[in-house]
Amino acid sequence: MADLFNTITLGDYKLSNRIFMAPLTRGRAVEQGVPNALMAQYYAQRASAGLIIGEATAVAKNALGWMHAPGIFTAEQQEGWRQVAQAVHNQQGRIFLQLWHMGSTVHPDFLEGELPVSSSAVKQNGSLTTPKGRDREFVVPQALSTTAIKEVVQQFVDAAKRAIDAGLDGVEIHAANGFLIDQFTRDGVNQRTDEYGGNIENRLRFMLEIVAALCREIGSGKVGIRLSPMNSVWGIKDSDPQAVFTAAVQKLNPFNLAYLHLLEPKPNDGSLYLTPILRRHYQGKLLINSGYTKATATTALENNEADAVAFGTPFIANPDLVQRYRQGAALAVADSSTFYTQTAKGYTDYPSVSGFN
């Protein structure tokens with residue numbers, strides 16, 4: 001019977017436990033999206049996780065629309081991630097990097113006034129902080145041409161190569177949370193009539209082209225993917241999510257990926273819960289994530305609902321979360337006011353149970 005503290009083999013790696021650190025955007029890459037020493041310290045403190053999934057990291061300049069989030073499309077950014085990888089490896093940890101294109105949720109303020117891109121010219125509901133202020137509403141994006149789609153696929157490939165060259169252990173394709181890949185997958189946004197729109201197979205084409213290209217370039221054992229089948233952030237939706245995401249995981253099976261990462265909270269109102277359905281259709285290692293505690297995660301593994309569990313907020317305030325879970329120690333509480341600030345406060349200053357890291 002699986003346990004949180006059992007080892008697990010995912011792709012190319014045997015990992016020390018099944019308590020994974022979820023990708024958490026934190027806003028500390030303050031200079032041109034370049035990871036820095038503070039970020040290296042933060043990740044090294046949490047290296048006891050079976051696997052760290054590094055924060056969402058932009059694959060191109062027009063992919064980045066979050067203040068002080070990192071990228072991996074320049075040599076300087078790549079060297080910054082090398083510093084992070086070395087720090088984690090010095091603590092015997094493993095780290096994948098989540099590759100990100102925000103699509104239509106990039107405000108023109110980040111693009112010298114140019115429009116962001118998406119599957120279709122469909123505006124998402126919402127706003128983000130930009131260099132020009134808070135609550136800047138999203139705009140109607142421009143639909144990517146088929147030629148431009150190929151260029152974006154190559155941007156993911158180039159980013160994955162940079163990640164591996166920087167010494168990171170692998171990458172996670174961010175195909176969730178209403179960002180660009182999700183904007184192709186779901187028919188609430190994707191209004192295309194070419195080979196990338198219309199039926200489910202066509203809407204999954206963009207995601208699968210990225211998956212295939214990365215597996216060819218760096219090997220499938222270094223590639224994971226994240227989906228959020230029921231996430232409705234910024235109004236994104238699909239008319240038949242069960243059909244779409246069942247087809248998605250079935251089409252992912254032949255790639256023999258390191259893992260599939262599902263972000264989906266368990267509903268308490270009897271509404272559709274796709275994770276157990278997708279578990280039945282997916283043949284590889286499954287990682288689940290959304291508000292789990294030690295107790296609920298243990299139950300999920302015992303019931304074979306997943307192979308590992310990712311924890312987000314608990315890792316913010318508990319760099320030694322694995323040790324605390326093992327010892328049954330109390331957890332520190334994260335200060336949400338510091339989640340997206342730019343200093344060490346609320347970032348690297350949380351102590352371990354035995355003192356500061």
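This is a short dialogue on reading a predicted model of one protein chain.

Visitor: What should I know about the model before I start?

Guide: It is predicted, so local features need pLDDT of at least 70 and side-chain atom pairs count only at pLDDT 80 or more, while totals for chains, interfaces and linings use all residues. Residues are numbered from 1 along each chain as its sequence is written, and side-chain values use heavy atoms, with hydrogens and water left out.

Visitor: How many helices and strands does the protein chain have?

Guide: Helices (H or I, at least four residues) and strands (E, at least two) are DSSP runs, numbered from the N terminus. Here there are 10 helices and 14 strands.

Visitor: And how do I judge the radius of gyration of the protein chain?

Guide: It is taken over C-alpha atoms and set against the globule rule, 2.2 Å times the number of residues to the power 0.38. For 357 residues the rule gives 21 Å and the chain has 19 Å, which is close, so the chain is as compact as a globular protein of that length. The C-alpha trace spans about 55 × 45 × 40 Å along its principal axes.

Visitor: What percentage of the residues is buried?

Guide: Buried means under 20% relative accessible area, exposed over 50%, and partly exposed in between (1.4 Å probe, protein chains only). Buried residues make up 56% of the 357 in this chain.

Visitor: Let's take one helix. What span does α6 reach?

Guide: The expected span of a helix is 1.5 Å times one less than its number of residues. Helix α6 (residues 241-252) has 12 residues and reaches 16 Å from first C-alpha to last, close to the 16 Å expected. Its buried residues include P241, F245, V249 and L252.

Visitor: What covers the buried residues of α6?

Guide: Look for contacts, meaning heavy atoms within 4.5 Å. The cover includes helices α4 (180-185), α5 (200-218) and α7 (275-281), as well as strands β11 (223-227) and β12 (259-263).

Visitor: Which way does phi of Q92 point, positive or negative?

Guide: Phi of Q92 is near 65°, a positive value in a residue other than glycine. Q92 sits in the loop between α2 (75-90) and β5 (95-100), and is exposed at 68% relative accessible area.

Visitor: Is N177 buried or exposed?

Guide: N177 is buried, with a relative accessible area of 16%. N177 lies in the loop between β10 (170-174) and α4, and its phi is positive, about 60°, although N177 is not a glycine.
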